[in-house]
Each structure stands twice: as structure tokens, then as C-alpha cells.
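User: Hi! I'd like to walk through this chain with you, one question at a time. Could you reason each answer out for me?

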Amino acid sequence: MPQVILTEAAKRRRRQQQNQQLQAWLGTGQNLLLSTRWLSLAILLICLYTILQISIDERFYLTQIPVDGLATIPPGEIMAATGIAGKHIFAIDPNQVAADIAQVPGVVSSAVTLSWPNQVQVSIVEDSPIAIWEQDGTDFWINKQGAIFPARGLQVPGLLRIISELPPPPLPEPPPNADPNEPAEPSWEDTLPLAFVPQDVLDGAFLLRELRPELNELYYRSADGLSFVDERGRRIYMGTGLDMNQKLAIYEAIRADLVSRNLTFSYISVSNQAKPYYR
């Protein structure tokens, strides 16, 4: 092949063209880099401005907290447990709020949902009372599991009342650094001798109520179990458990025998149906 011989002028023209192409490429890359930086800065400024506006805009603060599922618990008690009134929606952990609500006595479960911009919904499931536990003149409620929790001051018709004759527990000792001039107010748990009503007590109480529908009040003490007061003010001790049918039959037989002999008595005990007695 014939060899092409470039003159010096042609060589200089080629080097100039190559330098111009290189400078064009470098200029394009530099312009692209500068435009990307400016774009990133603009995006950052927009994000900061948006966050600032959201943080100061009142539309993102919770002002209304509707609660579903309330029947006996006052709404204010649930509101106080949430602790989210007036807070920014981004500062709220719904799982933590639901856990705080679940600590309220009488709440079985709770759920909290958030939606844009300031909507919150609280749903709870209450623990329904099945009976009243009266301790030293104060009413508490009993749930299906036998747990005792504070009554809400609302009247629930038809509940069986169990009046405790158990002695109140000793109050806990105050902490060493407590102010003696300002004694701490005991919690409601400290005033109860029991945290749970024994199952045999609940079984016996509701069986008595079924057998004697006129019985709206029962009494309970550890030694004698359940008891009621008859129409003449005499105490009838029935014990606990599911054998109330047999105990009532024994009680009726003893009572009929005493009445037939014109004997007076102040109480009859069939707590132990194998060894009933009266006085």
C-alpha cells in the first residue's frame, strides 16, 4: 500500500482538531457535573423547605382523637393514656400509643391508625364486667377471668354483687426518701386483698344466682365461702364450688326441721355439706 506522508501543516491541523475535541468533551463533562450539583442542591433546599412547612403547619397536628368501642370507660381516660393530643403526626408511634392504651384497666386490646395529614383513629375492646366486687364500701368489677378492676361509676343493671368480708391488706411501706408530711395515696390495687376472684367462688356464686334468682347480693369470706341473708336476716353459709344444688337441699331440710320444732337460729352453715351445723 502506498504510504501517506503528512506535511507539517497537516499534522498541526490534526493536533488542533484533537485538542478542540478534547476540550469540547471536558467542557461538556464539567457543565454536566455543575448542573448535577445545582440540581442536588435545589432538591435539598426543596426538601428542607417542605419539612419546615410541615413542621409548623397546624394542619399536621392532632386536634381530634375519636375512639371506637367505648361503653363504660370515660373517653378522657383513654385520651390521657394516649398522650398524643396536640402533637405532630410525625412524632407519634401508633404501636407505642396502642400499648399505652392497653395498660388502662378494663381495656382488653387497642389499635391506633394514622392517616394524612392529621387523622388518627383509636379502637379499643373493653373488658365487660360480669359481677360487682364490693370491698370496704368501694365497688369494683369482675371480668370473665375473675380479674378485679375499677368500676367506672356507671350503673350496669343485672350484675350480681359479691360483698367481700376479707380484711384489707396492709398498705405498702413508703420509700425511704418519701416525705412524711405528704403520704402517698395508695393505688386501687393496694386496697384489694385479692387480684383475682377464685374460680370456685365465681362458679358457686353464679350457680346460686341461677338456683335462686332473687339473690342479688352474696357475701364472701375465706373460711365459710359464699353466704346470703334470708328473708329474716339470718346468714346462710354455702361455701364454694358447683355443688350448690345439694347444699341448698340440705339447707332447706335443716331449716324445715328447725321451724317445725320452733327453734330459733341466727345462721345455718352447709359450707361442708357432710358436716352442716347451725346456731
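User: Where is Asp136 placed, and is Asp136 buried or exposed?
Analyst: Happy to start there, keeping in mind that this is a predicted model. Asp136 sits in the loop between E4 and strand E5 (138-142). Its phi is positive, about 50 degrees, although Asp136 is not a glycine. With a relative accessible area of 54%, over the 50% cut-off, Asp136 is exposed.

User: And Gln135: which strand holds Gln135, and is Gln135 buried or exposed?
Analyst: Gln135 belongs to strand E4 (residues 131-135). Beyond its neighbours within four places in sequence, Gln135 is in contact with Phe140, Ser164, Leu166, Pro168, Thr191, Leu192 and Pro193. Its relative accessible area is 2%, and the limit for buried is under 20%. So Gln135, in E4, is buried.

User: Which residue in the loop between H5 and E11 has a positive phi although it is not a glycine?
Analyst: Look in the loop between H5 and E11 for a phi of about 55 degrees. The residue there is exposed, with a relative accessible area of 70%. The name you want is Asn262.

User: Is Lys247 in helix H5 buried or exposed?
Analyst: Lys247 lies in helix H5 (residues 244-260). Leaving aside neighbours within four places in sequence, it is in contact with Met238, Gly239, Thr240, Val270, Ser271 and Gln273. Its relative accessibility is 3%, so Lys247 counts as buried.

User: How many of the residues of E10 are buried?
Analyst: Let's take the two faces of strand E10 (residues 235-239) in turn. On one side Arg235, Tyr237 and Gly239 are buried, and on the other Ile236 and Met238 are buried too. Side chains in a regular strand alternate between the two faces of the sheet. For E10, the count is 5 of its 5 residues.

User: What is the handedness of the crossover from E10 through H5 to E11?
Analyst: E10 and strand E11 (residues 267-269) run parallel and are joined by 3 bridges. One of the pairs puts Arg235 opposite its bridge partner Tyr267 in E11. The chain passes from E10 through H5 to E11 as a β-α-β crossover, and its hand is left-handed.

User: Which strands stand at the edges of the open sheet of 3 strands?
Analyst: The strand order in this open sheet is E1-E3-E2, with mixed pairing. Strand E1 (67-68) and strand E2 (107-115) each have a single partner strand, so one side of each has no neighbour in the sheet. E2 pairs with strand E3 (residues 119-126) in the antiparallel sense over 8 bridges, and Leu114 stands opposite Val120 of E3. The edge strands are E1 and E2.

User: Which residues of H3 are buried, and what do they pack against?
Analyst: Helix H3 (residues 94-102) lies across E2 and E3, at about 155 degrees to E2. Its buried residues are Val97, Ala98 and Ile101. Seen down the helix axis, they fall within an arc of 100 degrees, so they line one face of H3. The buried residues pack against helix H2 (75-82), E2 and E3.

User: To finish, what share of the residues in the chain is buried?
Analyst: The chain has 5 helices and 12 strands. Among contacts with a separation of 6 or more, 52% join residues 24 or more positions apart. The accessible surface comes to about 18,100 Å², with 56% of it belonging to carbon and sulfur atoms. Of the 279 residues, the buried share is 32%.

Technical notes. Residues are numbered from 1 along each chain as its sequence is written. This is a predicted model: local features need pLDDT of at least 70, side-chain atom pairs count only at pLDDT 80 or more; totals for chains, interfaces and linings use all residues. Side-chain values use heavy atoms; hydrogens and water are left out. Two strands pair if DSSP finds at least two bridges between them. Helices (H or I, at least four residues) and strands (E, at least two) are DSSP runs, numbered from the N terminus. Contact means heavy atoms within 4.5 Å. Axes are lines fitted to C-alpha atoms, for helices over the stretch in contact, and angles run from 0 to 180 degrees between N-to-C directions. Buried means under 20% relative accessible area, exposed over 50%, partly exposed in between (1.4 Å probe, protein chains only). The arc is that of the directions from the helix axis to the C-beta atoms. A crossover is right-handed if, with the strands pointing away from the viewer, the path from the first strand over the helix to the second runs clockwise. Accessible areas come from the Shrake-Rupley method with a 1.4 Å probe; for residues, only the protein chains shown count as cover.
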